Amino acid sequence: MIPYTIEAIARIRQRAPLIHNITNFVVMNSSANILLAIGASPVMAHCLAEMEEMTSLASALVLNIGTIEEDWLESMILAGKTANTLGIPVILDPVGAGATRLRTEAVRKIMENCSVTVLRGNCSEILSLAASDIKTKGVDSTLSLSDEMMEVAKQMAIDNECVIAISGEEDFVTDGDQVFRVRNGQPIMTRVTGTGCGLTAVTAAFCAVEEKNMAKATAAAFGFYGLCGDLAVQASNKPGSFQVAFLDQLYSTGAEEITRYLKVR
Amino acid sequence: MIPYTIEAIARIRQRAPLIHNITNFVVMNSSANILLAIGASPVMAHCLAEMEEMTSLASALVLNIGTIEEDWLESMILAGKTANTLGIPVILDPVGAGATRLRTEAVRKIMENCSVTVLRGNCSEILSLAASDIKTKGVDSTLSLSDEMMEVAKQMAIDNECVIAISGEEDFVTDGDQVFRVRNGQPIMTRVTGTGCGLTAVTAAFCAVEEKNMAKATAAAFGFYGLCGDLAVQASNKPGSFQVAFLDQLYSTGAEEITRYLKVR
Amino acid sequence: MIPYTIEAIARIRQRAPLIHNITNFVVMNSSANILLAIGASPVMAHCLAEMEEMTSLASALVLNIGTIEEDWLESMILAGKTANTLGIPVILDPVGAGATRLRTEAVRKIMENCSVTVLRGNCSEILSLAASDIKTKGVDSTLSLSDEMMEVAKQMAIDNECVIAISGEEDFVTDGDQVFRVRNGQPIMTRVTGTGCGLTAVTAAFCAVEEKNMAKATAAAFGFYGLCGDLAVQASNKPGSFQVAFLDQLYSTGAEEITRYLKVR
């Protein structure tokens, strides 16, 4: 994974892929800054009237339901269909799925109408989509990853022909066939809002510069992102100064740090 | 107040109460980060279709009219009613009340339809709700707190059976019976957007872990928050680096600092 | 330009002009913080029902189409008309004009219905409004400023009786008669979201304290803003810590730094 990750971040910095984000109000600013820091070019746009044009310009599409409304869902579906037609990867973040019916249904509608490339969430969000009896508390996970859940995730990946990527103490990425586990990342990241959503955006950027193996691109994104957290925490383990150091690391981390610290297998 | 405040912040960090925020676009990110920093669990959600479910999961509800629209007002009222039914505290921030009729009316409608636990604002916002001839300039206060205004605030607390909490050079918290004054806090906090709204969110977290005395919980929130500002300003008195230091302090401030620096009477 | 810029920032800090922003979701927080840092008083409000009242309280109006919707466009036009009636300067930021028809049309509608004081954007945004065959990639410029484009900009300024202000490696400000060029500013500013939108807001503050020469006020805003970037980059050339240092500089930069480092001619 080390040479792959080094090459992927280099490609992002060279090509500055445009990432079209239809995301929640909380993280629009932080996701844009995270994408700019890694060298991608973010655009946030949600109005139905410009969806086809905007998605067509992009190299990847992020759909994030964190503050979903009916109108926005319609835009997400149109953008997703446009991306599908053009072969642009679609990264879906099911924020709070399992917490309310609106959110669980929004994810289902998107997945029924669009082909999703990567579904990235925390354990209870992802599993609530597989089993309707799993309840999420707000937007934070109430579950840890068990062997049983990994099997459920693999089956979801196969059924939906997509990558399932679960964030947690150890991250888990699968397309049903390949399995990657990522041990980079720090607990303080859960004390900064938008860290998960930012990872979804970074995953989109890694997918934007990959032709075929989207599970591998996702695993590289998770490793790189977590590794930047590992380095930032050396500067500070408090959430204000950690955020600042993390953005700096996303901008400056390259081959040397990836070679020394990447923990993806 | 010192042992109470120490215990309250410890309870927040232990229980991580879910705080449901229906708040303005400007501060969604900063309020979420402030709540995460003190150990609470924020969720931002405003869609009518998920209000009952989301509020039901929460331990406190924040209503903030900073960028109010008609649709959002409807959601706020439904969330407020849900909170009332379940005995969940409702913290209302009347941002810019007195500046436009829309805002003043929005607050009136919320207070007619829901029982508000704490009304937190600056002096001109709060007083404009008591007297229609007080004009707010944008969202910043044009008034300082006088003895006469404190009497008006006490009467408002009695009439509305709620806590009235007024931010200013010295903060003033009353439920009509008890009166608390808070001398923590720094002028630089007025040069960072969302500081007032963040205090509203923190007040919600303190109310979420209090059973009965909401005025005391509010005063503790004000003291703790201002004290974190007092400590952060030692790191920097400029708004960029102050913000960073402030989030760090909200995360790390505990019994020792509270014992030494709390100024609530 | 040096004495003028010194006086302008002093006036902003003394008067704290209220700047009414109808802006995009991505930058609401950062624009508010930028305005607070320079000493202005920001308000973000977009609901049609309060547009006339809110704009009437303001000393300048910012219209920014970064996440435009139909409803918001209607509010922008009403706010713009209100500002025109009262002689309040209107600063328009055509974010992403040229990328989608919605955005290009939104700018045209605003300019048909309101008299715009300053139009501030990057090269491809501004030029796409002059020539329909210029295409913007997302919200980032795809063009650099050529002599031919400067002539087009001057003609646009004359035709629209407004100031045209183009951000780039060297900024270009003209009202068709006067021409200012600004060499302050740093490449890292393009790696922080909302930097351009923040400059639009700062331009509004400088126009709010100027009676007549809006091109000069705009050039002073550009010089001051870029200069703060020049100083902040000495603290850090990475996007997280640069942002923090930049806000600190906007707050503290005064006569001495302006005298030494302003590069406007």
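**Three-fold symmetry, sheet and core in a predicted model**

Chain A can be superposed on chain C with an RMSD of 0.0 Å, by a turn of 120 degrees and a shift of 0.0 Å along the axis. The two copies are therefore related as by a three-fold rotation axis. In chain A, the C-alpha nearest this axis belongs to A:Phe25, at 3.8 Å from it. It helps to keep in mind that the model is a predicted one.

The contact between chains A and C is a good place to look next. It draws 28 residues from chain A and 27 residues from chain C. On the chain A side, the elements that give two or more residues are α2 (28–38), β2 (41–44), α3 (51–57) and α10 (239–252) of chain A. Helix α10(A) gives the most to this side, with 8 residues. By residue type, the side of chain A that touches chain C divides into 19 nonpolar, 6 polar and 3 charged residues. Only 11% of the interface residues of chain A are also interface residues in chain C, so the copies meet through different surfaces.

Within a single chain, the sheet of chain B offers a helpful guide to the fold. Its 8 strands form an open sheet in the order β2-β1-β3-β4-β5-β6-β7-β8, with mixed pairing. Strands β2 (41–44) and β8 (179–182) of chain B stand at the edges; each has a single partner strand, so one side of each is left without a neighbour in the sheet. On average, neighbouring strands of this sheet are turned by 20 degrees against each other, with direction ignored. Strands of a sheet pair through backbone hydrogen bonds, in either a parallel or an antiparallel manner. At the β8 edge, strand β7 (residues 171–174) of chain B runs antiparallel to β8(B), and 4 bridges join the two. Here B:Phe172 stands opposite B:Arg181 of β8(B).

Helix α8 (residues 195–208) of chain B lies across five strands of that chain, namely β1 (18–22), β3 (60–64), β4 (90–93), β5 (118–122) and β6 (163–167). The helix runs at about 160 degrees to β3(B).

The largest nonpolar core holds 309 residues. Those that touch the most other members are A:Ile19, A:Ala205, B:Ile19, B:Ala205, C:Ile19 and C:Ala205. The surroundings of B:Ile19 give a closer view: leaving aside residues up to four places away in sequence, B:Ile19 touches residues including B:Leu35, B:Ala40, B:Pro42, B:Ala60 and B:Val62. Also among the residues that B:Ile19 touches are B:Ala201, B:Ala204, B:Ala205 and B:Ala208.

Notes. Residues numbered from 1 in each chain as written. Chains lettered and ligands numbered in written order. Predicted model: local features only at pLDDT ≥ 70, side-chain atom pairs only at ≥ 80, totals over all residues. Pairing = 2+ DSSP bridges. Axes fitted to C-alpha atoms, helices over the stretch in contact; angles between N-to-C directions. Contact = placed C-beta atoms within 7 Å. Least-squares fit on C-alpha atoms with pLDDT ≥ 70 in both. Core = buried A, V, L, I, M, F, W, Y, C linked by C-beta atoms within 7 Å. Buried ≥ 20, exposed ≤ 12 C-beta atoms within 10 Å, placed from the backbone. Nonpolar A, V, L, I, M, F, W, Y, C, P; charged D, E, K, R; others polar.
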